[in-house]
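Me: I should like to learn how to read a model of this kind, feature by feature. Could you take me through the one shown here?

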Number of protein chains: 2
Amino acid sequence: MALDDSASSAKPPGRVTSREVAAAAGVHQSTVSRALRGDSRISQATREQVEQAARQLGYVPNSSARSLRSQRTGIVGVMVPNIDNAYYPQMLSDINREFAAAGYSMVLIVDPPHRRSDVSRLGSLLDASVDGLLILSATLDSGMPAVLHARGVPIVLGVRSVPGLDVDIMEPDNFSAGRAVAQHLLDLGHSEVAAAMGPEITSTTKHRLLGIQSVLAGTLPPERILHGQYSHEAGYAACNRLLRGADVPTAIIAGNDVIAIGIMDAARQLGVAIPDELSVVGFDDIQMASWHSFRLTTVDMGTAAIAEQSARRLVERIQHADGPKRHELFPASLTVRGTTTAPRKESLIVE
Amino acid sequence: MALDDSASSAKPPGRVTSREVAAAAGVHQSTVSRALRGDSRISQATREQVEQAARQLGYVPNSSARSLRSQRTGIVGVMVPNIDNAYYPQMLSDINREFAAAGYSMVLIVDPPHRRSDVSRLGSLLDASVDGLLILSATLDSGMPAVLHARGVPIVLGVRSVPGLDVDIMEPDNFSAGRAVAQHLLDLGHSEVAAAMGPEITSTTKHRLLGIQSVLAGTLPPERILHGQYSHEAGYAACNRLLRGADVPTAIIAGNDVIAIGIMDAARQLGVAIPDELSVVGFDDIQMASWHSFRLTTVDMGTAAIAEQSARRLVERIQHADGPKRHELFPASLTVRGTTTAPRKESLIVE
DNA sequence: GCATTCTGCGCATACGAATGCATTAGGAGT
DNA sequence: ACTCCTAATGCATTCGTATGCGCAGAATGC
């Protein structure tokens, strides 16, 4: 209410400055600054006077001035490849919570692959407008993290990694996750497996695939490994291609849950029963995967922990630019639901 | 590469300033500023010299200093109630595109209902750190938009509205959408309808419900109108309640698509066939609604247009604070898919 | 050939808060 | 009663960029 009153009776446009508060409280501007920031050298009495004057005038410190002087903005950038698939919003929600708790605002930088390596866009990251950057969209070939790191911008890489860079990286154990998925299908008896993975230039795809192949070396021929975007449409398209091809697989490994759901959608439309006629596995265990309409067998990649901890790590890194960088691998655990089962006998007989 | 080189050979930590560029180019700091900002009074020759020096040194203008001086930050705030349901991420994607095109960065402000009216949190919105605010999370009882508006922060309200406020509002025609949904069910012959809506304090829920009731006055008794969050869980819970109650409805109107999908999930789990045993309708027509696993009958609320235009409007409003505010209603159109059909005969007989 | 208008640039200051240093007052110590 | 210290505050400067104003030299007018 104090805010309201002062707002209507305030000077024309100009916002209230610390000098005006100082005048009202009968002290110097520097005293206002110190009082409001909790400097211990200010007496209790003065502090209260200043606080009251500030409240009455509806004073709010100007963030640009504060940033200019203090060399910190209280803003972090979070870079994601997209935001309309379910995976990132879910992470962003956790990330946002952490940053908010630490007193940081979050600017969202949507970084579509096709606009990468556009150096001009780096400007807004090097201009000291963000105190640090959490990069969730790194690709193996991206030089951007290196440039930023060289310019002294605190960086943490989440989810994906970039080799040969001395920065904090928090990623899931994609290799083990790949192995777990493959082993699960192998255990069920599948011998005709296909994979609809994400973009080859992502570390997630690369490592998941390596894990998968380390188990399914024989039964997953390269021609049954498809690459596409991490999107519902890509899964949908891949499934149509695979089920209409010559060698119809009895199981499809999806690069992530979003792709897996696209696959399920296509299969249902084609009248292919899941899991009886086709097993589907995903990665990430996004919330949707547990919905009854999907009940998707997938791998919990510790995404929530990565979100939380990578945000925390960035906050630490901003405060202590030096200190050893850590590269952490988060454990993955298979979550078996309803989309995987043993292949039909006939399929086995075809062998 | 120029960036790289200078980075490794740069001064200890301090970033390059316009003064250093000036020294290198043999001109005054003000000339650097003008040359780089494209001031027409600078000669072509000088401009090129300055640009080269800036490039060589890897100069990037400090955004805080620029903001302090120019009184604009190039950042807009976008306030959403949550980000893990599909609706907002999808909007944010469009919104982000518009703001990026207009040269604005976007800080995401997740504004959970339970933390509302916490005036202290307004600080970060009044400190001139954002040039304007796009509010997608307004509730009917929220005084926050009024306070911000009174303090001169450019505001646009998207999706939801707040009465008695002279700001730009771009919302869907919720009333007509409600009518359309209700009429559709009526036409199909449903007489036992229930509704699982969103929070009562949202303008969307209020107006959709008014539209619905204007058509279904008799057949939708208050006790079959449930209110909850706009979430999958809320839909799931509501469905369980409704289908296990005494009067089992033949159709449920969901407050939005996310709720509708929660309802479908619960129904499937209970073994209730959709649409044969239960019709479900949503609002918004989010992408997921068209997925084959759902094929949800819903209402296209013009969300994409609202996203795009509300972002544009905010940009205009920032540039011209005055000028008449507009309150636009975007047309809604029913999209019939596979989740609605005529009620079973037996249900009719029960009448 | 002198007065006058441009053109191009430098000078100085403002933006608003934070902070090192100087200053004042008051109390303690002897 | 005088010195010394501490506490509390004021003073002045700084952060880096943008910009109004002024000044020089060149171009134009007659």
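The dialogue below goes from confidence to the DNA surfaces, the chain contact, a sheet and some backbone details.

Me: What should be read before anything else, and what is the mean pLDDT of chain A?

Reply: The model is predicted, so confidence comes before geometry. Chain A has a mean pLDDT of 90, with 92% of its residues at 70 or more. Over residues 1–12 of chain A, however, the pLDDT is below 50, although this stretch has 17 contacts in the model beyond near neighbours in sequence. Residues 347–351 of chain A also stay under 50, and the model has five contacts for them beyond four places in sequence.

Me: How does one read the protein surface around a DNA strand, and which residues come nearest to DNA strand D?

Reply: One may ask who is there, which elements supply them, and what their chemical classes are. Around DNA strand D there are 27 residues, of which A:Ser30, A:Thr31, A:Thr46, B:Ser18 and B:Ser30 come nearest. The elements giving two or more residues to this surface are α3 (29–37) and α5 (63–70) of chain A, along with α2 (18–25), α3 (29–37) and α5 (63–70) of chain B. By class, the surface near DNA strand D comprises six nonpolar, 14 polar and seven charged residues.

Me: Which residues are closest to DNA strand C?

Reply: DNA strand C is surrounded by 26 residues, and the closest are A:Ser18, A:Ser30, B:Ser30, B:Thr31 and B:Thr46. Here chain A gives two or more residues from each of α2 (18–25), α3 and α5, while chain B does so from α3 and α5. The surface near DNA strand C divides into six nonpolar, 13 polar and seven charged residues.

Me: How is a contact between two chains described, and how many residues does each chain give?

Reply: The size of an interface is often given as the accessible area lost when the parts come together. Residue counts offer another description: the contact takes 48 residues from chain A and 48 residues from chain B. On the side of chain B that touches chain A, the elements giving two or more residues are α1 (2–9), α5, α6 (87–101), β2 (105–110), α7 (123–126), α8 (144–150) and α12 (257–270). That side of chain B has 23 nonpolar, 18 polar and seven charged residues.

Me: Do the strands β2 of chains A and B run parallel or antiparallel?

Reply: Strand β2 (residues 105–110) of chain A is joined to β2(B) by two bridges, and the strands run antiparallel. A:Val107 has B:Val107 as its bridge partner in β2(B).

Me: How is a sheet read, and what is the strand order in the open sheet of four strands in chain A?

Reply: The order of strands and the direction of pairing are read together. In chain A the order is β7-β6-β8-β9, with parallel pairing. The edges are β7 (225–227) and β9 (279–281); each has a single partner strand, so one side of each lacks a neighbour in the sheet. From one strand to the next the twist averages 15°. Between β8 (residues 251–254) and β9(A), three bridges make a parallel connection, and A:Ile253 stands opposite A:Val281.

Me: Which backbone features deserve a separate check?

Reply: Most residues other than glycine have a negative phi, and most peptide bonds are trans. In chain A, the bond joining A:Ile274 and A:Pro275 is cis, with omega about 5°; A:Pro275 lies in the loop between α12 (257–269) and β9. In chain B, the bond from B:Ile274 to B:Pro275 is cis with omega near 10°, and B:Pro275 is in the loop between α12 and β9 (279–281).

Me: What is the phi of A:Asp284, and where is this residue placed?

Reply: A:Asp284 is not a glycine, yet its phi is positive, at about 110°. The residue is found in the loop between β9 and β10 (298–300) of chain A. Burial is judged by neighbour count, with 20 or more other C-beta atoms within 10 Å as the cut-off. A:Asp284 counts as buried because it has 31 C-beta neighbours inside 10 Å. A:Asp285 has a positive phi near 55°, and with 24 other C-beta atoms within 10 Å it is buried.

Me: Is B:Leu296 buried or exposed?

Reply: B:Leu296 is buried, because 28 other C-beta atoms lie within 10 Å. This residue lies in the loop between β9 and β10 (298–300) of chain B. B:Leu296 and B:Ala260 are 36 residues apart in sequence, and their C-alpha atoms are 8.0 Å apart. Beyond four places in sequence, the residues that B:Leu296 touches include B:Asp257, B:Ile261, B:Val280 and B:Arg337.

Notes. Residues numbered from 1 in each chain as written. Chains lettered and ligands numbered in written order. Predicted model: local features only at pLDDT ≥ 70, side-chain atom pairs only at ≥ 80, totals over all residues. Near = placed C-beta within 6 Å. Nonpolar A, V, L, I, M, F, W, Y, C, P; charged D, E, K, R; others polar. pLDDT = per-residue confidence, 0-100. Contact = placed C-beta atoms within 7 Å. Pairing = 2+ DSSP bridges. Axes fitted to C-alpha atoms, helices over the stretch in contact; angles between N-to-C directions. Buried ≥ 20, exposed ≤ 12 C-beta atoms within 10 Å, placed from the backbone.
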